[in-house]
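Reader: Please take a close look at one part of this model, the pairing of its strands, and go on from there to the surroundings of the ligand. Give the cut-offs as you go.

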Amino acid sequence: MKKVNVGIIGLGTIGSGVYEALLDNAELIRQRSNVSIIVKGVCDKNKKVLKTISSRKDLIKTSNAADLINDSEIDVIVELIGGIERAKHIITAALNNGKHVVTANKALLSECWREIFPLAEKNNLFIKFEASVCGAIPIIRTLQECFVGNKIERIYGILNGTTNFILTEMKEKGYSFRKALKIAQEKGIAEKKPELDISGKDSAQKLVILSLIGFGQDISLSDVYVEGITEIEPQDIRNASLWGYSIKLLAIAKDRPDGLELRVHPTLLKSSNLLSDVRGEDNAVFVRGDLVGDSLLFGKGAGKTPTASSVIGDIAEIAQQISFRGKHIVTYNYNYIPEKKKISRIEELSFSFYLRFSVIDKPGVLAGISSILAENNISIANVFQNERKEGKAVPVLVLTHKAKEGDMRKAITRINKLSYVTDKTVAIRIES
Ligand code: HSE
């Protein structure tokens, strides 16, 4: 039986999950892959964590990553510490030292892929990162291998479980954003510092990785337009439902002839769209390819065992490749990524919009607003006002036909200055 030695760096939730699952399912993995995957060493900066690891006599336990990176018997380094600088140092040192790498680090890959992928290729080593996007969902492998014959036209979905949980609580229980966030934190779904998730940046990092692989284009995090969910109010979720829509934080990437469209923002989505039914912490990604048409992948986007499942899938694939097919096979050629394609600015794109105006209920208000919309080429599809409070502030809801984002921004700036507009106008894009 062939043997492949692994060093795990970072024994947090995911790292300990990988370690435990590699032990618990060792026999099953060995039978299926015909390779014995041995954890030769584990590393964590916290010595107390190292003590909690139940271990064989010959398991290396260290707080110094170099002990594993420099161990000549270790074939694969699994980086699970997260963050950028130290993780980058570990991964580059491992690749320079002839080790294959598995990581779940989306922040690092979305910002530093230009340095890391070529280094792996130059050294004929694998860098695998299935767990970096949507936890257990095999979206990277699907794009790199199963759909390799497709021209990918669009990738879009719910890439963040925390925000989907919050929006689900807001919809189903009528909670405010703050209350739903607190519940997510109490349940251990949201981080104590939730900014990365609620700001949409976590989804944007994942979208960069998916777009890079799917479109084969040179993409940076700054190419993605990002809005989070902190401004969403329960009334908008209720209003959207009245018109047959859900509100979801979508990450959307489209390869269009005139440029790439890359954006993350709250979106009204028809209830008939399958993504509308993705509840709680679950994630789902649609891929549209010229051969496959639309394909939907659904599953757990985070958590100890779902994420460990993807990490182990990557380790096992490397183990099989190096055991039976030789070291010099790469499954994806990152070198082919061409010159940067034009990235469409959000202002140039057109959307239908949900608008909520807060206005004093008096004659002429709707006429004033609709004339500003018309002057900016925005056509109204539907108007709704269900409260009557003469002389007081009420919400007026409008759905528009497709209009340019730039025109919408100009119109809203003018509308917000009208004397009878009492609060900032809420605008949410509709995805069809
Ligand atoms: N915090 C992420 C989420 C999981 O809520 O989906 C890791 O990217």
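Author: Two strands pair if DSSP finds at least two bridges between them; strands (E, at least two residues) and helices (H or I, at least four) are DSSP runs, numbered from the N terminus. The model is predicted: local features need pLDDT of at least 70 and side-chain atom pairs pLDDT 80 or more, while totals for chains, interfaces and linings use all residues. Residues are numbered from 1 along each chain as its sequence is written, and side-chain values use heavy atoms, without hydrogens or water.

Strand β1, residues 2-9, runs parallel to β2, residues 35-43, and 8 bridges join them. Within this pair, G7 faces G41 of β2. Both strands belong to an open sheet of 6 strands, ordered β3-β2-β1-β4-β5-β6 and paired in parallel. At its edges are β3 (60-62) and β6 (127-128), each of which pairs on one side only.

An antiparallel pair is made by β11 (residues 282-289) and β12 (residues 293-300), again with 8 bridges. Here N283 has G299 of β12 as its bridge partner. The two strands, β11 and β12, form a hairpin, and 3 residues lie between them.

Now the ligand. Around it are K106, N160, G161, T162, D197, D202, K206 and A302, where a shell residue has a heavy atom within 4 Å. Helices α8 (161-173) and α11 (201-215) each contribute at least two residues to this shell. By class, the shell holds 1 nonpolar, 3 polar and 4 charged residues, with Asp, Glu, Lys and Arg counted as charged and Gly among the polar ones.

Several polar contacts (N or O atoms within 3.5 Å) can be listed. D197 places a polar side-chain atom 2.9 Å from a nitrogen atom of the ligand. For K206, a polar side-chain atom is 2.8 Å from a ligand oxygen atom. G161 uses its backbone instead, with a polar atom 2.7 Å from an oxygen atom of the ligand. On its own the ligand has 260 Å² of accessible area, and the protein covers 83% of that (Shrake-Rupley method, 1.4 Å probe).

How values were computed: A polar contact is a pair of N or O atoms within 3.5 Å; within protein, one must be able to donate a hydrogen and the other to accept it, and residues adjacent in sequence count only if both atoms are side-chain atoms.
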